[in-house]
Each structure stands twice: as structure tokens, then as C-alpha cells.
Amino acid sequence: MADPVVRIPDAKVALSTASVYPESTATAFEIAARLGYDGVEVMVWTDPVSQDIEALRRLSDYHRIPILAVHAPCLLITQRVWSTDPWVKLQRARAAAEKLGASTVVVHPPFRWQRTYARDFVEGIWRMAGETDVRFAVENMYPWRYRDREMLAYAPDWDVTKDDYRHFTVDLSHTATARTDAMDMIDRMGDRLGHVHLADGKGSAKDEHLVPGRGTQPCAELLERLAATGFDGHVVIEVNTRRAMSGAEREADLAEALAFTRLHLASAVRVPRS
């Protein structure tokens, strides 16, 4: 007979600073430290603190919580953050990650109207990845939908597994919005899956970013597989708390997300008795 043991991977659980919006980046550090997260992922956006490496370093030191990843400013609302040139944005994200001790830069595929950037994107990401120890983890996206119409907004594709990247980020809110099989996508990513954005969704046309366990995505199954395979990347809670009626309600949601993740980020395995 064998004895059951719980195996927990080396993966750290981080809080995305986007998860506290409309609160500030500084508030995210405070909440992450208070709730016991292992670190934070900094979403670089319109909050000036998120763009300021020295300010981020001071927050990390003050709260004694590391910055594990930097999310490059790839959103529509961040088109002018850190330059209008998308390659400059990625260069600055890499420099920030290197200076802050973060291991990963998260990047979205280009918008289709960024034609030159999109044409050179796959090759350019490989080139940049070869110049640093920081992982460039390209994130799966989704088609944009309005009523019965669908628009392919990303190039080369919203399904990043159709192209050759060294590392991927999987986002389970995005798989819900894309109405694609999350576990099948993870299988296609294979050992190139380097980073996880954990959230849930119900398949709405809107990117929902629900607390894990409140939607239809296989959040628990994904975490259990990561545990079973010894995943050593980061699991980042990236949820939408904009509807929280108070700071206490927001913190309760983020505490629930952390508890869910820690519960399922383990797998029971049987080992022979010594």
C-alpha cells in the first residue's frame, strides 16, 4: 500500500494590481501583503505609480512583498503609456522587470490595426526573449463580439497557440469569452505554459474576470494539473472587483480567490511507504 501525501508545486500565487481597480496600485500592494499573497503582478496603466520603477520598488520594500511579473501596457486605454511605439513599451517592460526582480513580462498579441507590429511580432518576441532571462509570456485573447457579429481584433491571432512563442500566459476569463476549451488550450501550450491569469467566466461577450469558482471555467482542474506536473511559474489572481460596494467586500473577494487557489494548487499523490 502507498500513503497519500499532498504535493504543492513551487508556483507562487500573486495578486494583479488590476484586481483592485478603481483603487490604486499602492492599494494592491497593501492588500496583497495583508492577505498573504506571495507577490504582485504590476499592471502598467494610467496610474502614474504603475509606470514608476522607483515608486514600485519602494512599495515592494515597504510591504515586503516581491514583484513577480510586469504586465506590459497593451490595453486600449494604455496606448500612450510608456510611448506609442509598441516595441518601446516592451523594452521598457523588460527593463522594469529586470530592475524590480520580476521573472515575467506578460504581453498581449497586437491589435490587427497595428499592422507593422503584428507582422513582426512573433519573430520580435523571440528576439527580445533571447536578450534577457525575463520570460515574455504571450497571453491568449478572444474575438470581439457584438450581438451576432464577431470581429477578430488581434493578430496574428487571438489564439496564441497557433503561433510559435517560447512562453505562454493562459487567462481563463479569456477562454470563457472566446468560448474555447481551456484545458485543450493548456494541452496545446504544453511545457511552454509559463504564467497563469486565474479568473472565471460564464461565456459572456464581455471579459468578465470573475472570482475563481463563480463561473464555468475549469479553474480547480487547471490548478490541480499544475500541482501534478510541478508547475514552477506564477499563478496570478486577475479578477474584477469594480462592483464591490466597499473595501471590505473587495478584500473578501480577493481573500476568497486566494483561498480557492491555495486549496486546489495541490494534488494528492500516493508514495510508497519507506
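This section describes the aromatic contacts, a nonpolar surface patch, the cysteines and the salt bridges of a predicted model.

Across the whole structure, the search for paired aromatic rings returned twelve aromatic pairs. One of them is formed by F111 and Y154, whose rings are stacked, with a centre-to-centre distance of 5.3 Å and an angle of 25° between the planes. This pair links distant parts of the chain, given that F111 belongs to the loop between β5 (104-107) and α4 (115-129), whereas Y154 belongs to the loop between β8 (149-151) and β9 (167-171), 43 residues apart. Both partners fall below the 20% cut-off that defines a buried residue: F111 has a relative accessible area of 4% and is therefore buried, and Y154, at 5% relative accessibility, is likewise counted as buried. A further pair, that of Y165 and F168, is edge-to-face, because the ring centres lie 6.0 Å apart and the planes meet at 85°, the latter value being over the 60 degrees required for this class. Y165 and F168 are both buried.

The contact between Y165 and F168 is part of a wider arrangement, in which these two residues join W87, Y117 and F121 in one aromatic cluster. A charged side chain is also placed against a member of this cluster, with R127 lying over the face of W87 at 5.9 Å from the ring centre.

On the surface, a nonpolar patch is formed by L76, I77, W113 and M151, which together present about 430 Å² of accessible area. Of these residues, M151 is placed in strand β8, and at 41% relative accessibility M151 counts as partly exposed.

No disulfides were found, the count under the rule applied being zero. Among the cysteines, C74 has a relative accessibility of 13% and so counts as buried, and C219, with a relative accessible area of 2%, is buried as well.

Side chains of opposite charge can pair when their charged atoms come close. In the present model, the search of the whole structure yielded 16 salt bridges. One of these joins the side chains of R119 and D120, with a distance of 3.4 Å from N to O. The two partners differ in their accessibility class, since R119, with a relative accessible area of 62%, is exposed, whereas D120, with a relative accessible area of 32%, is partly exposed. Another salt bridge is formed by the side chains of E150 and R145, for which the distance from N to O is 3.4 Å.

A salt bridge is also made between the side chains of R188 and D159, at 3.0 Å from N to O. Here R188 lies in helix α6 (residues 182-189) and D159 in the loop between β8 and β9, so that the pair ties together parts of the chain that are 29 residues apart in sequence. With a relative accessible area of 32%, R188 is partly exposed, whereas D159, with a relative accessible area of 6%, is buried. Beyond such individual pairs, salt bridges that share partners connect E30, R34 and E251 into one network.

How values were computed. Residues numbered from 1 in each chain as written. Predicted model: local features only at pLDDT ≥ 70, side-chain atom pairs only at ≥ 80, totals over all residues. Heavy atoms only, no water. Phe/Tyr/Trp six-rings, centres within 6.5 Å; stacked < 30°, edge-to-face > 60°. Helix = DSSP H or I, 4+ residues; strand = E, 2+ residues; numbered from the N terminus. Buried < 20%, exposed > 50% of the residue type's maximum accessible area, 1.4 Å probe, protein only. Lys NZ or Arg CZ within 6 Å of the ring centre and 35° of its normal. Patch = residues over 30% accessible without salt bridge, like charges linked within 9 Å, V, L, I, M, F, W, Y side chains within 5 Å. Areas by Shrake-Rupley, 256 points an atom, 1.4 Å probe, with all protein chains shown as cover. Salt bridge = Lys/Arg side-chain N within 4 Å of Asp/Glu carboxyl O. Disulfide = S-S within 2.5 Å.
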